[in-house]
Amino acid sequence: VFDQDGPGEVFSLREGDRVLSACAALERVLIHPGGRTRVGFIGSVSTHPDARGRGLATQLLCDAEGVLRERGCEHSLLWADEPDFYARRGYALEGEETDFLLNEVCTDLICGEKSIRPMRQGDEERIHELYTQHSARVERSTEETKRLLACPEMRVLRATHGGEVLSYVCFGRGADLGGV
């Protein structure tokens with residue numbers, strides 16, 4: 001989402017050519033049972049160790065939040081490693097993320113007569129259709145879904161019946177963020 005043609009952008013504070021603090025932002029529409037809400041996702045907030053303690057991250061967040069607000073975002077959401085810092089800015093912990101670690105995938109479900117197999121080229125549009133059936137989701141195009149399904153090191157399994165894709169699961173999503 002942050003490549004040259006992607007919808008995300010990076011905000012930064014600099015001294016000359018040196019980046020002192022930076023964050024990424026992505027505007028999205030959340031679809032939920034109560035309707036639609038335009039939000040700004042903020043992430044990868046960082047400040048160079050030599051520049052910490054000068055209020056740069058706070059200034060950067062103010063700048064990013066202001067731009068998102070001007071563009072019609074009703075809320076800003078972020079994933080935080082240090083929630084106390086963000087709590088001082090008015091952010092509150094909300095929701096949860098559950099990760100599962102599978103040591104082995106049961107191969108008899110993938111092979112043989114069962115209807116579970118790795119995603120193949122051409123499955124992406126049906127997977128996107130299934131995604132759009134979630135009552136709470138980020139609004140995204142088929143092309144965005146295709147790019148997400150192609151994240152490095154991610155495996156996608158899909159279940160079929162009579163040749164129709166009925167469900168899917170993604171393993172390893174986020175591996176593309178290693179070292180970030």
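Phe-85, Tyr-86 and Tyr-91 form one aromatic cluster, and I should like to begin there. Please bear in mind throughout that this is a predicted model.

The structure holds 2 aromatic pairs. In one of them, Phe-85 meets Tyr-86 edge-to-face, with 4.9 Å from centre to centre and 85 degrees between the planes. Tyr-86 also pairs with Tyr-91, again edge-to-face, at 6.2 Å between centres and with 90 degrees between the planes. As for solvent, Tyr-86 is buried, with a relative accessible area of 9%, and Tyr-91 counts as buried as well, at 17%.

A further ring deserves mention. The charged end of Arg-155 is placed over the ring of Phe-171, 6.0 Å from the ring centre.

Let me turn to Phe-11, which belongs to strand S1, residues 9–15. Is Phe-11 buried or exposed? Its relative accessible area is 12%, so Phe-11 is buried, the cut-off being under 20%. Leaving aside residues up to four places away in sequence, Phe-11 touches Ser-21, Ala-22, Cys-23, Ala-25, Leu-60, Ala-64 and Val-67. Taking one of these contacts, Phe-11 and Ser-21 are separated by 10 residues in sequence and by 8.4 Å in space, C-alpha to C-alpha.

Finally, the cysteines. A disulfide is a covalent bond between the sulfur atoms of two cysteines. How many disulfides does a search of the whole structure find? The search returns 0. Two cysteines may be set side by side here: Cys-62 is partly exposed, at 38% relative accessible area, whereas Cys-73 is buried, at 10%.

Definitions and conventions
Residues are numbered from 1 along each chain as its sequence is written. This is a predicted model: local features need pLDDT of at least 70, side-chain atom pairs count only at pLDDT 80 or more; totals for chains, interfaces and linings use all residues. Side-chain values use heavy atoms; hydrogens and water are left out. A disulfide is a pair of cysteine sulfur atoms within 2.5 Å. Buried means under 20% relative accessible area, exposed over 50%, partly exposed in between (1.4 Å probe, protein chains only). Helices (H or I, at least four residues) and strands (E, at least two) are DSSP runs, numbered from the N terminus. Contact means heavy atoms within 4.5 Å. Rings of Phe, Tyr and Trp (its six-membered ring) pair if their centres lie within 6.5 Å; planes under 30 degrees apart count as stacked, over 60 as edge-to-face and the rest as tilted. A charge sits over a ring if NZ of Lys or CZ of Arg is within 6 Å of the ring centre and within 35 degrees of the ring normal.
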